[in-house]
Protein chains: 2
Amino acid sequence: MKKINVGLIGFGNVGSGVVKILRERRSFLAEKIGLEINVKKVCDKDFGRRRNVSVEGKLLTRDASEVINDPQIDIVVELIGGIHPAKEFITEALKKGKNVVTANKALLAEQGKELFALSHDRGKSIYFEASVGAGIPIIKSLREGLVANKFTGIYGIVNGTSNYVLSQMSDNNCTFSDALKEAKVKGFAEKDPTLDIDGMDSAHKLILLVYLAFGKLVSMEDIFIEGVSQVSLADINYAKELGFQIKLLAIAKKEAGELEVRVHPTLIPDNHLLASVGGIFNAIYVSSDLAGDLLFYGPGAGQLAAASGVVSDLVDAARNIQAGLFSSTLNIGLDRSIKKLRKIDEIEGRYYMRLIVVDRPGVLAKISGVFARFNISIASVSQKERRRSSIVPIVMVAHGAKEKNLRLALDAIDKLDCVKEKSVAIRIEEV
Amino acid sequence: MKKINVGLIGFGNVGSGVVKILRERRSFLAEKIGLEINVKKVCDKDFGRRRNVSVEGKLLTRDASEVINDPQIDIVVELIGGIHPAKEFITEALKKGKNVVTANKALLAEQGKELFALSHDRGKSIYFEASVGAGIPIIKSLREGLVANKFTGIYGIVNGTSNYVLSQMSDNNCTFSDALKEAKVKGFAEKDPTLDIDGMDSAHKLILLVYLAFGKLVSMEDIFIEGVSQVSLADINYAKELGFQIKLLAIAKKEAGELEVRVHPTLIPDNHLLASVGGIFNAIYVSSDLAGDLLFYGPGAGQLAAASGVVSDLVDAARNIQAGLFSSTLNIGLDRSIKKLRKIDEIEGRYYMRLIVVDRPGVLAKISGVFARFNISIASVSQKERRRSSIVPIVMVAHGAKEKNLRLALDAIDKLDCVKEKSVAIRIEEV
């Protein structure tokens, strides 16, 4: 049986999961694919850590170039994360004629243009199934399973940490900081969870999904990004009363030749499948023109889940290498109907709003007057509890509102004497 | 650019969708895959019907052998459905060295053993993405995306007609026959919907899912099959009060070296994703040991949805043909931990039951006595409305009950004087 040799750079959590699977499922995989996938070298900076798989000392190295320059290695797996030196390792590997498997969404999202072009030039592929949704085969589904489709929308819950925090707040009526504390204790949040909580990680993943669905490699600057740290328990509960859950969504939406790309907390109707995606789970809702509306759901993180995605890439890579097939990440079907990216100011939709106001006659009239001035229709208004003396929250829903007008209206409203705190506005999405 | 020639047998609803996509997306697909997929011949018995795509007369034939024997045709697409002559066409095509794409679940489920063996012998592949869940890439996901995984369970809503009927009953409080009538009017049910309603279609699809997940080709006789026609509106409403939805599930469950394969109406907790799958939508919930619990959701039928699946197969077939790759449907990873199939009598679980009894003291004691005799624990009992004079329904939930004992107990109970109708029992699944 032909042997395909693999070299790993990064022997951390996911890396050791990959080695574990390749070892324990060696014959299971060989029987399925008619090829043997062999771990030839493993590189890491630190072999002192405890791992759930052991590797013979002679395969270990602290020097990535020993992996990249090994002429017998067919596939380099990069699992160190971050931009540098991951980018240099992948670049070198491609130049040495290796195919590359990576789970590095930050790198591909921020430097994909250069890497995909190099991959294309060299005729060596970059596989990245585990970069979005861990073991959920969303990358393969967009590239292959839905190959004939054009897309109108992608709506993803793609950050497990944020989703865990929001789910905890909603299920257990706890504050953001308590929920985040718990997520850390349970290992669902990094020590420094900034990238997850502030929406950057979701934006990275959105870039990859948009690339696969629309053939356009947008940049981080193109994406409007708002994280979950400003979502309050009060908003979660008021949204619930209105029949909505608040989720951090990564959204790409095509409309009239324009593409919106944004990441922000979003109200989703209770009866939508995405509203039921709880805890660390991820789900990607895809609107396609042939296959219709699809949902892909599963754990968005975890050692073996991510390793499952990496190994499926390794199997594809091994079969393609054997057959001399090159799978380019440049030719993924540019949607030529997209003429421009729509700026956040220009999007139009429904909004949930919470205003903290003085409870006295005439206040609503004043506020409504401002909204009217900015051409914003109000669909519902409801005054909430009166506990704090004469200061009360008002929850309003606006519809058909342009984001820019809404922001201007709220700025004006926040300057009124009767408004006591900065107003909150959260988008409602009609998925 | 290399051209791969395709011949279609069956130019009905899905067939014309396939031709439409291949024509309208010709350059879109060619750009993606570097190959041209060309419709070389189209065979049907009847070209008089109105179709949403037109094909030059010279490509049309009423004789399938003109497709099968055309030496320039690389891939034969079978879309006529049914066992004969579809089986003969596919057999001949494989023997003539063609690769085959089909959406024919009945054929593969009932005659797959022979066809897969022939395909393997000849080194020509059979692709069947559209046979389960139309455009949902579930076949590819099980075979490729989750290639490294072993599975513990598959829970599928895989028949759109049944799901539409149950959803209508639940949402609109209407009877089975009214819901079915509406399904026919809307085109969601065939004129003769027997195969869908009685669970046979779901069983066919379950056979394919089990084959991909466990490597075992079970037969229809191995599967316990119960359709939806016995589900009453009363049961749907009582189940709702208990926090459940009733869905027709195709279930494969591995436990202690035994595999259960069954299709039947099932109570699923309201908060489970499968409970939210409404209308003609399909969803397959997959429990895997590495990637975790996954859900694949989408429309389970429709011309373009099914054609989307067929075209994704065509793209795979075309790429594999070009590369000389053979993708066997025999080597799909036998799960050797499965020692036997568990018979329906031996399964153990929770049950919803509805008994119609005379409303008088001592009745519950009698019934409970029978359950106790058969070693069945009752978790809850609740007497329902008393409209019909002194005859009332009682809803009970049993737990930890062996199916065999439960059936014996109900047989005994149905013989009691105080029991006025045949009792109903529906399985509750802890997905």
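User: Domain bounds come from an automatic or database domain assignment. With that in mind, into which domains is chain A divided?

Analyst: Good place to start! This is a predicted model, where local features need pLDDT of at least 70, side-chain atom pairs count only at pLDDT 80 or more, and totals for chains, interfaces and linings use all residues. Residues are numbered from 1 along each chain as its sequence is written, while chains are lettered from A and ligands numbered from 1 in the order in which they are written. Chain A is divided into domain 1 (3–134 + 303–323), domain 2 (139–299) and domain 3 (347–428).

User: Which helix gives the largest share of the side of domain 1 of chain A that touches domain 2 of chain A?

Analyst: The centres of these two domains of chain A, taken over C-alpha atoms, are separated by 27 Å. Residues are in contact if their C-beta atoms, placed from the backbone, lie within 7 Å, and 14 residues of domain 1 of chain A are in contact with 16 residues of domain 2 of chain A. Helices (H or I, at least four residues) and strands (E, at least two) are DSSP runs, numbered from the N terminus. Seven residues, the largest share of the domain 1 side, come from helix H5 (residues 105–122) of chain A.

User: How do the residues of the side of chain B that touches chain A divide by class?

Analyst: Here 47 residues of chain B are in contact with 47 residues of chain A. Helix H2 (26–33), helix H6 (138–145), strand S12 (293–299) and helix H12 (303–323) of chain B each give two or more residues to the chain B side, and its largest share, ten residues, comes from H12(B). Ala, Val, Leu, Ile, Met, Phe, Trp, Tyr, Cys and Pro count as nonpolar, Asp, Glu, Lys and Arg as charged, and the others, Gly among them, as polar. On that basis, the side of chain B that touches chain A has 24 nonpolar, 15 polar and eight charged residues.

User: Which residue stands opposite Phe296(A)?

Analyst: Two strands pair if DSSP finds at least two bridges between them. Strand S12 (residues 293–299) of chain A and S12(B) run antiparallel and are joined by three bridges. In S12(B), the residue opposite Phe296(A) is Phe296(B).

User: Why does H13(B) count as roughly antiparallel or roughly parallel to H14(B)?

Analyst: Axes are lines fitted to C-alpha atoms, for helices over the stretch in contact, and angles run from 0 to 180 degrees between N-to-C directions. Angles under 35 degrees count as roughly parallel, over 145 as roughly antiparallel, 65 to 115 as roughly perpendicular and the rest as oblique. The axes of helix H13 (residues 363–373) and helix H14 (residues 403–414) of chain B come within 9 Å and cross at roughly 150 degrees. That angle makes the relation of H13(B) to H14(B) roughly antiparallel.

User: And what is the order of the strands in the open sheet of chain A?

Analyst: There are six strands in this open sheet, and the pairing is parallel. The order is S3-S2-S1-S4-S5-S6 (chain A).

User: Which residue in S3(A) stands opposite Cys43(A)?

Analyst: Strand S2 (residues 36–43) of chain A pairs with S3(A) in the parallel sense, over two bridges. Opposite Cys43(A) in S3(A) is Thr61(A).

User: Which strands are the edge strands of the open sheet in chain B?

Analyst: That sheet has six strands in the order S3-S2-S1-S4-S5-S6 (chain B), with parallel pairing. An edge strand here pairs on one side only, and the two are strand S3 (60–61) and strand S6 (126–127) of chain B.

User: Which residue in S5(B) is the bridge partner of Ile75(B)?

Analyst: Strand S4 (residues 75–78) and strand S5 (residues 99–102) of chain B run parallel, with four bridges between them. The partner of Ile75(B) is Asn99(B).

User: At what angle do the axes of H4(A) and H5(A) cross?

Analyst: Two packed helices are described by the angle between their axes and the distance between the axes. For helix H4 (residues 86–95) of chain A and H5(A), the axes come within 10 Å and cross at roughly 10 degrees.

User: Where is the proline of the cis peptide bond in chain B found?

Analyst: Most peptide bonds are trans. In chain B, the bond joining His84(B) and Pro85(B) is cis, with omega about 5 degrees; chain A has a cis bond from His84(A) to Pro85(A), with omega near 5 degrees. Pro85(B) lies in the loop between S4 and helix H4 (86–95) of chain B.

How values were computed
Two residues are in contact if their C-beta atoms, placed from the backbone, lie within 7 Å.
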